[in-house]
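Work through the exercises below with the sequence and the structure at hand. Try each task before reading its solution.

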Amino acid sequence: MKVAVIGAGTMGSGIAQAFAQCDAVETVYLCDIKQEFADGGKSKIEKNLGRLVKKEKMTQEAADAIVAKVKTGLNTIATDPDLVVEAALEVMDIKKACFKELQENIVKNPDCIYASNTSSLSITEIGAGLKTPIIGMHLFNPAPVMKLIEVISGANTPKETTEKVIEISKTLGKTPVQVNEAPGFVVNRILIPLINEGIFVYSEGISDIEGIDTAMKLGCNHPMGPLELGDYVGLDIVLAIMDVLYNETKDSKYRACGLLRKMVRAGHLGVKSGIGFYKYNEDRTKTPVDKL
Ligand SMILES: NC(=O)c1ccc[n+]([C@@H]2O[C@H](COP(=O)([O-])OP(=O)(O)OC[C@H]3O[C@@H](n4cnc5c(N)ncnc54)[C@H](O)[C@@H]3O)[C@@H](O)[C@H]2O)c1
């Protein structure tokens, strides 16, 4: 099987790694709007695998073979995939344009399956007007590790596409859960408002950053607190999902916290920008920004 991953950012590089690690996959096209971005995604895969080699969880030979399956370039290299997984920005127009371009001008395989890794956007709307309807294939960060794939059918997704994607998800060693299209699907409908509420709690001065994260870790047995998790997901993604939940439902319980919007406008996006609720230090430690 050949797979094209569109977007080589946090998710795209992880998804490319997950597929490249799978024996049934011979080639992964890792694509972005600039060659250097695609190459950056591949370097991340090499680094991740390098860590596994160092810990003796994988041989150098096996890591090299996985990396060799990943071909980088612009979207135009994806001419013959069996599956496209789009992981570009969480912006409807960008996603629609990507699929249109791929279906009309790039992909030559008429049986190719087109999937989006969107966290919250309507699969039906992304696929509207396309020759081939799309499906949601929602992996979680870090994609090589996290077991869940939400498989989301849009109004026009053929049943056989859903069945094939469930099969592919299992081949990948993941657990697919079938979800009906709805804003945020299952996980983000519950998780993202929780992170947003954590930001409200902080902005109202109820506790400090470490206090909120410690409370939720020890009080609820969560492996990460809401603020560190927000940083990890990317605060721009958290905001985009809150806005989708609010715009789709007009329910005020989904309004994004003002502090979240302000941080995104300032470019304080969390781990990926080096600062969010924590500052990420060179030595891989992190310091809460209210303690700087
Ligand atoms: N971050 C998460 O935890 C997470 C989890 C699940 C799903 N998602 C979803 O995955 C998608 C990607 O999120 P991310 O966190 O990896 O974002 P990111 O910003 O890290 O990466 C997005 C990449 O897409 C590239 N891109 C933009 N337009 C493109 C185009 N037209 N063609 C090809 N590449 C293009 C960008 O240059 C960038 O490298 C979003 O839809 C997001 O909602 C994110």
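**Exercise 1.** Find the helix that holds Ile94, and decide whether Ile94 is buried, partly exposed or exposed.

Solution. Step 1: Ile94 is found in helix 4, residues 92-106; helices are DSSP runs of H or I with at least four residues, strands are runs of E with at least two, and both are numbered from the N terminus. The model is predicted, so local features need pLDDT of at least 70 and side-chain atom pairs count only at pLDDT 80 or more, while totals for chains, interfaces and linings use all residues. Residues are numbered from 1 along each chain as its sequence is written, and side-chain values use heavy atoms, leaving out hydrogens and water.
Step 2: Buried means under 20% relative accessible area, exposed means over 50%, and partly exposed lies in between (1.4 Å probe, protein chains only). Ile94 has 34% relative accessibility, so Ile94 is partly exposed.
Step 3: Together with Leu89 and Val91, Ile94 makes a nonpolar surface patch of about 240 Å². Patch residues have over 30% relative accessible area and no salt bridge (like charges are joined within 9 Å, nonpolar side chains, that is Val, Leu, Ile, Met, Phe, Trp and Tyr, within 5 Å). A salt bridge is a side-chain nitrogen of Lys or Arg within 4 Å of a carboxyl oxygen of Asp or Glu.

**Exercise 2.** Locate Ala87, classify its exposure and give its distance from Cys31.

Solution. Step 1: Ala87 sits in the loop between strand 4 (83-86) and helix 4.
Step 2: Its relative accessibility is 13%, so Ala87 counts as buried.
Step 3: Ala87 and Cys31 are 56 residues apart in sequence, and their C-alpha atoms are 9.7 Å apart in space.

**Exercise 3.** Describe how strand 2 is covered and how strand 2 is joined to strand 1.

Solution. Step 1: In strand 2 (residues 27-31), five of five residues are buried.
Step 2: In a regular strand the side chains alternate between the two faces of the sheet. On one side of strand 2 are Thr27, Tyr29 and Cys31, on the other Val28 and Leu30, and all are buried.
Step 3: Strand 1 (residues 2-6) runs parallel to strand 2 and is joined to it by five bridges; strands pair if DSSP finds at least two bridges between them. Val3 stands opposite Val28.

**Exercise 4.** Which residues form the positive surface patch, and where is Arg51?

Solution. Step 1: The patch consists of Lys44, Lys47, Arg51, Lys55, Lys57 and Arg284.
Step 2: Arg51 is in helix 2 (residues 35-54). With a relative accessible area of 39%, Arg51 is partly exposed.

Methods
Accessible areas come from the Shrake-Rupley method with a 1.4 Å probe; for residues, only the protein chains shown count as cover. Lys and Arg count as positive and Asp and Glu as negative; His and the chain ends are not counted. The place of a charge is taken as NZ of Lys, CZ of Arg, CG of Asp or CD of Glu.
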